[in-house]
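Biologist: Please take a close look at the place where the ligand sits. I would like one connected account of what surrounds the ligand and how the neighbouring strands are arranged.

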Amino acid sequence: MSRIAYVNGQYVPHSQGSVHIEDRGYQFADGVYEVFAVHGGKLIGEQGHLDRLTHSLGELQIKWPMGKRSLMVVVRQVVQRNHVKNGLVYLQITRGVARRDHPFPAECQSALVITARKMPPLDKAALSKGVGVITIPDIRWQRKDIKSIALLPNCLGKQQARSVGAYEAWMYNEKDEITEGTSANAWIVTKSGELVTRQVGQSILNGITRLAVIEAARASGLAFSERAFSRQEAAEAKEAFVTSSTSHVKAVTRIDGKPVGNGHVGELTANLLDLYVDFIESKGGPVVTNRWN
Ligand code: PDD
């Protein structure tokens, strides 16, 4: 069955979806995006994604292409028309089409593209296999809280990871602190057993999965800290994992080629994966979704 995309007001066959050559997203990466997970036919973290999109658009002064409610109707339509039970939705809004010039155009209709893709259902066994990450300098701009489509540093980092057989690259800043992965948030359980992920601010993207894991941990009385952690702490960690709408809660068992803890998936990581799945299945996503920087 052929895939359907939504492109600027029309549902079109995916293979025929196209945008204008002077779209500012194409020329300047002047746009933002969201990736929603679809799990068991339901969109996960809908409110969180909408709130984060509101933040991203607001910070860049990009107009909404349509009202939020209508936007979610279209998102659901795209999910349905592509028969996605498990997978993801990609939503991109750019400032729109204008003659190439750096300042914002006076009149511009924001451009909207939405696609959906099937993926294998969330598989706890696969997520618990354990993957490797490498650490690389964080060379991105200073507004990582905005989910900008300008992802070249992220692509370079991910490619570097893949070229050495690692799943993800964790980026570190000038203070040698791990900020996050190229497309996921980074978590460790320190050698003293503290569950840690970096605090939100302009140095990371506040993940919807991150928020869901925080809420799930809190609800079950698990202690955790939102604070900076160093490369050294990561190297000495007992456990590690990444969170994102596409990786869910994925165990990390090697950092820079060295085993994390005993090299096996940690107990707390496995527990958090269970808690996360129960949480999204019962609550649909995080409830507190207003902390973006
Ligand atoms: N990326 N940090 C970065 C830099 C990301 O790109 C992402 C998500 C996350 C996790 O956010 P969430 O839990 O809301 O998915 C953190 C998406 C999946 C992507 O670019 O494909």
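Modeller: In this predicted model, domain 1 (4-118) and domain 2 (124-283) each give at least three residues to the shell around the ligand. The ligand is surrounded by 20 residues, and the closest are Tyr33, Glu180, Ile208, Thr209 and Ser245. By type, the shell has five nonpolar, 11 polar and four charged residues. At least two shell residues come from each of strand 3 (31-39), strand 9 (177-181), helix 6 (208-219) and strand 14 (239-244).

Some polar atoms can be placed exactly. An N or O atom in the side chain of Thr209 is 2.6 Å from an oxygen atom of the ligand. Arg52 has a polar side-chain atom 2.9 Å from an oxygen atom of the ligand. With Ser183 the backbone is involved: one of its polar backbone atoms is 3.5 Å from a nitrogen atom of the ligand. On its own the ligand has 480 Å² of accessible area, and the protein covers 90% of that.

Strand 3, which supplies at least two residues of the shell, also leads into a set of paired strands. Strand 3 pairs with strand 5 in the antiparallel sense, over eight bridges, and within this pairing Val35 has Tyr90 of strand 5 as its bridge partner. Strand 5 also pairs with strand 6 (residues 111-118), again antiparallel and over eight bridges. There, Gln92 stands opposite Val113 of strand 6. Strand 5 (residues 87-94) is largely enclosed by the rest of the structure, because seven of its eight residues are buried.

How values were computed. Residues numbered from 1 in each chain as written. Predicted model: local features only at pLDDT ≥ 70, side-chain atom pairs only at ≥ 80, totals over all residues. Heavy atoms only, no water. Near = heavy atom within 4 Å. Polar contact = N/O pair within 3.5 Å; in protein donor to acceptor, adjacent residues only side chain to side chain. Areas by Shrake-Rupley, 256 points an atom, 1.4 Å probe, with all protein chains shown as cover. Helix = DSSP H or I, 4+ residues; strand = E, 2+ residues; numbered from the N terminus. Nonpolar A, V, L, I, M, F, W, Y, C, P; charged D, E, K, R; others polar. Domains from an automatic or database assignment. Buried < 20%, exposed > 50% of the residue type's maximum accessible area, 1.4 Å probe, protein only. Pairing = 2+ DSSP bridges.
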